[in-house]
Amino acid sequence: MSSTAAVNLHDYIRDIPDFPKPGIVFKDISPLLADGEAFSASVSELACLIPQGTDVIVGIEARGFIFGAALAAQLGIGFVPVRKPGKLPGEVHSIEYELEYGIDVLEIHRDALSEGHKIVIVDDLLATGGTARATVDLVRQLGAEVAACLFVIELGFLGGRDLLNDVPIHALVSY
Ligand code: AMP
């Protein structure tokens, strides 16, 4: 296996036009996940961005689980999933947030986090920022400290950072 320093992650992200609906250009990370060197490089790059003292990674369903869980395992710290409604079996804390058309909900196990936890939120992609914003608020409502939000991809032209101006944000690849 060669050095991961040579991996250009852009080469492993493909555009799928009009998915999941007309007008959306979906950033597909399947090629990145399918390549051992590229996937490993992306997780290592995320690991370099973790603030000292972080004790839990919070991953956002669904692709945030892939990177978040790999990252947590590499760091030897815990992983907590934030899920779509009705998926978590225990007692949940929920948050509603606005989409372009309508409202969505995210949930976390109530006993997953509490005061004293220092967490980092991980998702594959930052678009408008609504999903990450809701996750920051959800986690804070349980008393945990959000040390950073990490993304593999940022769609900078959608301005998601503006919605997250009270949290350090990092992305590995920007468009
Ligand atoms: P947003 O709340 O607008 O920042 O959207 C972020 C969430 O939607 C992430 O969980 C992404 O996986 C997904 N997402 C939004 N836009 C795209 C896109 N163009 N390509 C792939 N995933 C996207």
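Me: Which residues is I119 in contact with, leaving aside its neighbours within four places in sequence?

Reply: The model is predicted, so local features need pLDDT of at least 70 and side-chain atom pairs pLDDT 80 or more, while totals for chains, interfaces and linings use all residues. Residues are numbered from 1 along each chain as its sequence is written, and side-chain values use heavy atoms, without hydrogens and water. With contact meaning heavy atoms within 4.5 Å, the partners of I119 are T54, V56, V58, L113, V139, A144, E145, V146, A147 and A148.

Me: Which element gives the most residues to the largest nonpolar core?

Reply: Such a core is a set of buried Ala, Val, Leu, Ile, Met, Phe, Trp, Tyr and Cys residues joined through side-chain atoms within 4.5 Å. This one has 26 residues, and V58, I108, L113, I119, I121 and V139 touch the most other members. β3, β4, β5, β6, β7, α4 and β8 each give two or more residues. With five residues, the largest contributor is α4.

Me: Is L150 buried or exposed?

Reply: L150 lies in strand β8, residues 145–154, and among the residues it touches are L46, D123 and H170. Its relative accessibility is 0% and the cut-off for buried is under 20% (1.4 Å probe, protein chains only), so L150 counts as buried.

Me: How far apart in space are L150 and L46, C-alpha to C-alpha?

Reply: In sequence, L150 and L46 are 104 residues apart. In space, their C-alpha separation is 7.1 Å.

Me: How much of the ligand's accessible area does the protein cover?

Reply: A backbone N or O atom of A127 lies 2.9 Å from a ligand oxygen atom. On its own, the ligand has 490 Å² of accessible area (Shrake-Rupley method, 1.4 Å probe). The share covered by the protein is 81%.

Technical notes. Helices (H or I, at least four residues) and strands (E, at least two) are DSSP runs, numbered from the N terminus. Buried means under 20% relative accessible area, exposed over 50%, partly exposed in between (1.4 Å probe, protein chains only). A polar contact is a pair of N or O atoms within 3.5 Å; within protein, one must be able to donate a hydrogen and the other to accept it, and residues adjacent in sequence count only if both atoms are side-chain atoms.
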